[in-house]
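Colleague: Could you take a close look at one buried spot for me and walk me through what surrounds it? I'd be glad of a few words on other enclosed parts as well.

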Amino acid sequence: MAGADPGARIGELLDRLGREAGPQARETADELVRSVVEFYGEGLARTVRLLRTAPAGSDPLAVLTADELVGDLLILHDLHPEDTMTRVGRALDKVRPYLGSHSGDVEVAGLDAETPEGPTLRLRLRGSCDGCPSSTQTVRWTIEEAVARLAPEIAHIEVEGVAEAPAGVAEDPAAGGQPLLQIQPHPPADAPGAPPPAADGEPPRWHTLAAPALPARDHATRVADVEGNALLLVRLPGNLYAYRDRCPGCGADLRTAPLDGEFLSCAECAARFDVRHAGRGEQAHLEPLPLLEEEGAVRVALPELLGAGP
């Protein structure tokens, strides 16, 4: 196709598809082409804007890779200066403070780039996740999102070890590793053609929270409304935590719950929950939500379970 007009060639292919597959297929192909053009157009616009506004003396490539959409385009065309494992490592570093609050940690067990489904990342998740099923799930979602945003070429994630057995309890060798929620490459949420909200049974949809919705200081709480769901945000030194605004014991909201150090007490039933450790209580856990803090932005996810009762 050297010397050929790419636009004319695309038009020829669309016309042929319309003749061979019918008008409905042609309409779908037209929409696909428009979406791809919009995606690349936005990437070019951001590239020009970023380079024009970059501070004097800054590394142009570093400026471009800091933008998620432009970085994804560089990855797609094998132009990103960091290899996959370097970016995976940065993603895991972002989630480690969150994993620590769930008594867990994660390490890379390997990367298989030759699987039929696409590059498969194998992780080893360590820790107890405080024995709370929702805590375990939010850890998985958080890892998934962090890796997908920095290494979108990863097609799948598998876990070789989900949790260490409690002290004195023998491990079950038959349990083996359990798969993490599968990651599919995706554009940033603000990119043209970004996917619609997830359907039932799929990973949660992530939302960015602006500063006015966040606690302004340490040892403070704030309730944010996201798509009609009340999220309790708690800021402790070094970390921000997100929970469902509902006491798991009595069902009361927690927006007036007093915060004593790292413990939140329900104003109705006086149950106490350890904010720093996944909302652990004597009888029940708060419902933790996946949360990522990156470069001044805060992103939280809304799982389907948010609509369930206490």
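Modeller: Happy to! Let's start with Leu292, whose relative accessible area is 2%; since the cut-off for buried is under 20%, Leu292 is therefore buried. Bear in mind that this is a predicted model. Leu292 sits in strand S12, which covers residues 291-294. Setting aside neighbours within four places in sequence, the contacts of Leu292 are Val95, Thr142, Glu145, Ala146, Trp206, Ala297, Val298 and Arg299. Take Trp206 from that list: 86 residues separate Trp206 from Leu292 in sequence, while their C-alpha atoms are 9.6 Å apart in space.

Now for a second strand. Asp274 belongs to S10, residues 272-274, and Asp274 also counts as buried, at 7% relative accessibility. Not counting residues up to four places away in sequence, Asp274 touches Tyr243, Glu262, Phe263, Gly279 and Arg280.

A helix is worth your time too. Helix H4 spans residues 68-76, and eight of its nine residues are buried, so H4 is largely enclosed by the rest of the structure. Those buried residues are Glu68, Leu69, Val70, Gly71, Asp72, Leu73, Leu74 and Ile75. You may like the detail at the start of H4, where Asp67 has a side-chain oxygen that reaches to within 3.2 Å of the backbone nitrogen of Leu69. Following H4 comes Asp78, with a positive phi near 55 degrees.

Conventions:
Residues are numbered from 1 along each chain as its sequence is written. This is a predicted model: local features need pLDDT of at least 70, side-chain atom pairs count only at pLDDT 80 or more; totals for chains, interfaces and linings use all residues. Side-chain values use heavy atoms; hydrogens and water are left out. Helices (H or I, at least four residues) and strands (E, at least two) are DSSP runs, numbered from the N terminus. Buried means under 20% relative accessible area, exposed over 50%, partly exposed in between (1.4 Å probe, protein chains only). Contact means heavy atoms within 4.5 Å. A polar contact is a pair of N or O atoms within 3.5 Å; within protein, one must be able to donate a hydrogen and the other to accept it, and residues adjacent in sequence count only if both atoms are side-chain atoms.
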